[in-house]
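Biologist: Could you take me through one part of this protein up close? I'd like to see the hairpin and the core that goes with it.

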Amino acid sequence: MTKDRSSVFLFIDDEVKPLAELETPIVFDFDTSKLTDGDHILKIVSKSPTGREGIRKINFTVKNGPSISVEGLNEDDIVDGVLPLMINAYDKGNQKSFVIEGSETPQTVPVWMWIIMILIAGWGAYYLITYFSGLPY
């Protein structure tokens with residue numbers, strides 16, 4: 001009995017033993033929860049019914065672990081002296097309940113927001129002074 005469908009072998013990174021051997025076409029859920037965070041390669045080796053092989057490599061990044069947020073230091077910054085940092089790490093949780101504590105990263109107020117607040121406060125002070133001074137507009 002000969003096979004009339006192609007089969008595929010799935011490999012992760014440089015593993016010698018395939019993660020799965022499947023007949024095509026196939027739809028399945030690829031569970032990345034057992035992989036470490038970082039860059040990985042999914043190598044798909046296909047074999048036709050006539051014995052010919054094809055290879056496709058797909059680079060992907062796994063980020064299952066807690067998300068890490070850093071404020072005060074960016075990639076490739078040049079710094080000196082004492083550097084105040086704000087670091088937060090939070091996880092997705094179990095996807096069935098929402099945890100409020102630590103799920104958002106607090107951030108400082110941007111400079112443009114301070115400027116807008118000062119302009120609004122200045123306009124309000126000007127309006128109050130001219131209104132209560134009794135001067136005509």
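Modeller: Starting with the whole protein, its accessible surface comes to about 12000 Å², and carbon and sulfur atoms hold 60% of that (Shrake-Rupley method, 1.4 Å probe; for residues, only the protein chains shown count as cover). Bear in mind that this is a predicted model, where local features need pLDDT of at least 70, side-chain atom pairs count only at pLDDT 80 or more, and totals for chains, interfaces and linings use all residues. Residues are numbered from 1 along each chain as its sequence is written, and side-chain values use heavy atoms, leaving out hydrogens and water.

The elements run β-β-β-β-β-β-α from the N terminus (DSSP runs: helices are H or I with at least four residues, strands E with at least two). Now for your hairpin: S3 (residues 38-47) and S4 (residues 53-62) pair in the antiparallel sense over ten bridges; pairing takes at least two DSSP bridges. One of the bridge partners is arginine 56 in S4, matched with isoleucine 44. Five residues lie between the two strands, and glycine 51 in the turn has a positive phi of about 100°.

As for the core, the largest nonpolar one has seven residues: Val8, Leu10, Ile12, Leu22, Leu42, Phe60 and Val62. A nonpolar core here is a set of buried Ala, Val, Leu, Ile, Met, Phe, Trp, Tyr and Cys residues joined through side-chain atoms within 4.5 Å, with buried meaning under 20% relative accessible area (1.4 Å probe, protein chains only). S1 (7-12) and S4 each supply at least two of its residues, and S1 gives the most, with three. Phenylalanine 60 touches residues including Ile12, Phe30, Leu35 and Leu42, leaving aside those up to four places away in sequence; a contact means heavy atoms within 4.5 Å.

Notes:
Buried means under 20% relative accessible area, exposed over 50%, partly exposed in between (1.4 Å probe, protein chains only).
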